[in-house]
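Here is a briefing on one protein chain. Read it alongside the sequence and the structure.

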Amino acid sequence: MTVMTPAPIDRPEDEEMLVLNSDLAENNHQPMDGVPQSETANNVENQPVEDPPSSRFTWRIDNFSRLNVKKLYSETFIVGGYKWRVLIFPKGNNVDHLSMYLDVADAASLPYGWTRYSQFSLGVINQIHNRFSVRKDTQHQFNARESDWGFTPFMPLSELYDPSRGYLVNDTVIVEAEVLVRRVVDYWTYDSKKETGFVGLKNQGATCYMNSLLQTLYHIPYFRKAVYHMPTTENDLPSASIPLALQSLFYKLQYSDNSVATKELTKSFGWDTYDSFMQHDVQELNRVLCEKLEDKMKGTVVEGTIQKLFEGHHMNYIECINVDYKSTRKESFYDLQLDVKGCRDVYASFDKYVEVERLEGDNKYHAEQYGLQDAKKGVLFIDFPPVLQLQLKRFEYDFMRDTMVKINDRYEFPMQLDLDRENGKYLSPEADRGVRNLYTLHSVLVHSGGVHGGHYYAFIRPTLSDQWYKFDDERVTKEDMKRALEEQYGGEEELPQTNPGFNNTPFKFTKYSNAYMLVYIRESDKDKVVCNVDEKDIAEHLRERLKKEQEEKEHKKKEKAEAHLYTIIKVARNEDLMEQIGKDIYFDLVDHDKVRTFRIQKHMPFNLFKEEVAKEFGIPVQFQRFWLWAKRQNHTYRPNRPLTPMEETQSVGQLREVSNKVHNAELKLYLEMELGLDLCPIAPLAKTKDDILLFLKLYDPEKEELRYVGRLYVKSTGKPVEIMTKLNEMAGYAPAEEIDLFEEIKFEPNVMCEPIDKKLTFRASQLEDGDIVCLQKSLPAENGVHFRYPDVPSFLDYVHNRQVVHFRFLDKPKEDDFCLEMSKLYTYDDVVKRVAQQLSLDDPSKIRLTAHNCYSQQPKPQPIKYRGVECLSDMLVHYNQTSDILYYEVLDIPLPELQGLKTLKVAFYDATKDEVVVHTIRLPKQSTVGDVISDLKTKVELSPDTELRLLEVFYHKIYKVFPLNEKIENINDQYWTLRAEEIPEEEKNLGPHDRVIHVYHFSKDSTQNQMQIQNFGEPFFFVIHEGETLAEIKVRIQKKLQVPDEEFAKWKFAFLSLGRPDYLQDNEIVSTLFQRRDVYGAWEQYLGLEHSDSAPKRAYTANQNRHAFEKPVKIYN
């Protein structure tokens, strides 16, 4: 089924890895790594576009779990006159997430050079609770090379395919796409500096949250000036000094013409690449960064700047009502956290902040000398800072979902904020009333997206003029006041009706882009805060350093622009081979990236280049002989033939074309040079067709060392046995030493190194120019066993396959515990044996390993099964990437035994002790629920005749009572809670007209103009009798739950069916409301107890994805 409804979008990108679909073979385009730059939208937003076309497309996918295709396209839909379709990978596009993209449906038939620009959002609808639907949005300029764009990791497959989560209902998934088409603007031609006078910050992967904060701080000139005046020296490194890195960043923002990178700054924080791809909390980063700067400013001329700008004070007080007693405590703040939920604007939040709480009844205040007293408690402000930072609480904990959710409610904020209003209602008695607390809005930081990811950007008025600017990573655009204020209030937006004459319901959609942080500057301080900052505020060494950086950048840019005029020549010499073989490399002869490089104009004759070489190496031109390198069919790279005299008369450019069959700007040469007895260069020996140039490596099995010992010309008709004396001399052995010879043939994908028959001719052994001969002392058969790698082939095999593996304890997945050098060919048993030895563990079978996910940088959700892989290399491969990380855990029983068992976590409710204990139960997979209960009885104190039952609880509702004969193999305790409890006597002795009903706690939550029922607490079964009134039932429930009278009097009782409450009166007969049917399947009907959730936290923690954590912000340096 497909539904099309109008739905405009005004959302920037989601920060989670946005990539075009990289299914190369079928889509014929290149994959994109990282997060695409999506600034196109910003300039588009600045264009006068009238009613850009937009639509919402809904796609119902039936029989979803039975789809047996790698990818699936929706039917085509049209927006803005263009054909679109949605592309999904039901099992993930090489990731363990659903992958979803927007695709140009007719890309193959469009004319050459086509392009179109769209802002769009993709979503998977939660069919149980719509508010938990997963939506992600972005923007992209589509073209022939990038005809689809979207989200490779859209949502975890584990969540999508779990029916209890609400995304897969009746084996149907509902996908939504909202598409808005705008006029195409060429991204590359937009110049932020030229258009606005400001430049943006580059995004390192997921650092837009940091970019928006840094732009805000930079545009507080007093703060920028203080950063410039922090003492740094020319010997400091920006990557190791936060002050210098921040000075460098601010200087570039002030004087650069292009967007500025933040890598130096994040390195100075001590962050690695992983940190840069993790979205952190902006409010936390702001606090941590300011604390670091405050600490580093101590003892300098700018000490106290952070406090002067951002520090305010408030007074917490408790004042008794009936006696003369008051307690106060002064506290400082750098920012204020204001409630969004339930508040229409900033003033309402401040009203709530200073709201007076009455301490009375059971909550009386214990005053010194006066005992328990009725009192009032609250907060008032002593003073506000010149720069007021307001953090809006857009993210809150949802107890029903046991997760964080984003509050997208409408929340207004004014251009002018008067905190002296209503006769200073927010001020404490000791506040200085002479200070006028009138503030003007300086910046609005915006979050677009959901709780688990999104995009951040900022609207800023740098000089507090009427002109606003939007700072969105690299792109800076001019914006009007409406865009910066009203459009960031959040809430819902109603679309204009397409058929105004008809009585159709207007369509509303939630605005996911809204303000989460506001910065106000006090009017009386604005001249001081918005001060002039120029070059004289910047240290001389900093100016020099940055000037030098700029010159180097220009030089590289010039080199790049002139690259087509030059050839890069890389010259390898004997010295390079001697230096590298056995240290940096073991196979082939040289790493060409580490040899002397010349940048030579293409038209220069090669003979002139030889003069350059003579100057560099001190080798006269007549003594130089150059060899061309060639890549062989077996992927080795060896000197192939000397240059001819004719070739040496050609230009460098012509010679490069001769040497390269493929287009390559580099010319690689080997410089052969002979030394005389006095070690001075002499002319190389004349080479005939019968001469073969061999390169020699020497292996020592005792030291496990391989080194280069030189090159040697031999006659193709000669035999190795004839040159043994010479070989021994080169190896440093006695003339008559017995040695073995091997030819190093290739090393990819496997090592091939074969013995050379010393009695055959070199030609018969198929040796040719550039071949490598490895030699070693001959070992008696009995001696070979003393060495790990007794011969050249075994040593090269070891080198080729060795792998340093970083092992991490599974419960600390970010910290290396130890490293082991292993062979990629190690079997499963070899690996766990080495780990057990490292841990001094007698039984290796108790080691369980988990592989590393290269994309999420976390452990994979499922561990490696016992002997479930052939070798170590299989453990380290994740799709097309190879890792060097494994996670380990030590089990209390051997893994093979554990794999034959089912492990369940069961929460047992002990009615006598009024406590919950979670027990881990392990039983053979063929066991039944009855076996679980029998095992549980051995772990808890019960009377012999006690009967237990096992329940399945989810979101504070009972969904199932397990039959005793049900097999446990398919019971899932990862998302559901398994609860064991005693069966009450009254349920065992039910009368003919008695009924067992579900009783749940609930509260009401009004959001987005809708009333939501939220269950909490522990659900339970309850017996009701025919003809029993609510008043009688309430007495028994109060006794069962042991609720005090005063609190119980506030409770309301309702009959709920399919989430709708019908409130009951005391005289109503409750049994008539409940239908006669199997109670255990009737969880959609229950008796609801409405009251506030006063429990501070749950008594136990339900199982959660063990690796789904958000990393806290840390600045290490």
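**A hairpin and its surroundings**

Strands β37 and β38 form a hairpin, with 4 residues between them. In that turn, Glu704 has a positive phi of about 55 degrees. The model is predicted. The chain has 1117 residues, and 52% of them count as buried. It holds 29 helices and 58 strands. Among contacts with a separation of 6 or more, 68% are between residues 24 or more positions apart.

**Strand β37 and its partners**

- β37 spans residues 691-700, and 9 of its 10 residues are buried, so the strand is largely enclosed by the rest of the structure.
- The pairing of β37 with β38 (residues 705-715) is antiparallel and runs over 10 bridges.
- Within this pairing, Leu693 has Tyr713 of β38 as its bridge partner.
- β37 also pairs with β41 (residues 772-777), here in the parallel sense and over 4 bridges.
- For Phe695, the bridge partner in β41 is Ile772.

**The loop before β37**

- Leu685 sits in the loop between β36 (681-682) and β37.
- Is Leu685 buried or exposed? Its relative accessibility is 55%, so Leu685 counts as exposed, the cut-off being over 50%.
- Beyond its neighbours within four places in sequence, Leu685 contacts Arg625 and Glu674.
- Met673 is 12 residues from Leu685 in sequence, and their C-alpha atoms are 9.6 Å apart.

**Strand β11, covered on both faces**

- β11 covers residues 173-182, and 10 of its 10 residues are buried.
- In a regular strand, side chains alternate between the two faces of the sheet.
- In β11, Val173, Val175, Ala177, Val179 and Val181 point one way.
- Ile174, Glu176, Glu178, Leu180 and Arg182 point the other way from β11.
- Both sets are buried, and the second includes the residues Glu176, Glu178 and Arg182.
- β3 (residues 54-61) pairs with β11 in the antiparallel sense over 8 bridges.
- Arg60 stands opposite Ile174 of β11.
- β8 (residues 115-124) also runs antiparallel to β11, joined to it by 8 bridges.
- Gln119 is the residue opposite Leu180 of β11.

**Two helices**

- How many residues of α5 (residues 208-218) are buried? The count is 11 of 11, and the helix is mostly covered.
- The buried residues of α5 include Cys208, Asn211, Ser212, Gln215 and Thr216. Also among them are Tyr209, Met210, Leu213, Leu214, Leu217 and Tyr218.
- α28 (residues 1030-1041) has 12 residues and reaches 16 Å from first C-alpha to last, close to the 16 Å expected at 1.5 Å a residue.
- The buried residues of α28 are Leu1030, Ile1033, Lys1034, Ile1037 and Gln1038.
- These buried residues lie on the same side of α28, because they cover an arc of only 135 degrees around the axis.
- Val1035 and Lys1039 are exposed, on the face of α28 turned away from its buried side.
- Gln1042, just after α28, takes a positive phi of about 55 degrees.

**A buried glutamine in a loop**

- Gln488 lies in the loop between α14 (481-484) and β27 (492-494).
- Gln488 counts as buried because its relative accessible area is 3%, against a cut-off of under 20%.
- Where does the side chain of Gln488 reach? It comes to 2.8 Å from the backbone oxygen of Arg483.
- Not counting residues up to four places away in sequence, Gln488 touches Arg394, Phe413, Val444, Val446, Tyr457, Phe459, Arg483, Ser513, Asn514 and Ala515.

**Cysteines**

- The disulfide count is 0, with sulfur atoms within 2.5 Å as the criterion.
- Cys343 is buried, with a relative accessible area of 6%.
- Cys871 has 14% relative accessibility, so it counts as buried too.
- Cys208 is one of the buried residues of α5.

Terms used. Residues numbered from 1 in each chain as written. Predicted model: local features only at pLDDT ≥ 70, side-chain atom pairs only at ≥ 80, totals over all residues. Heavy atoms only, no water. Buried < 20%, exposed > 50% of the residue type's maximum accessible area, 1.4 Å probe, protein only. Polar contact = N/O pair within 3.5 Å; in protein donor to acceptor, adjacent residues only side chain to side chain. Contact = heavy atoms within 4.5 Å. Pairing = 2+ DSSP bridges. Expected span 1.5 Å × (residues − 1). Arc of directions from axis to C-beta.
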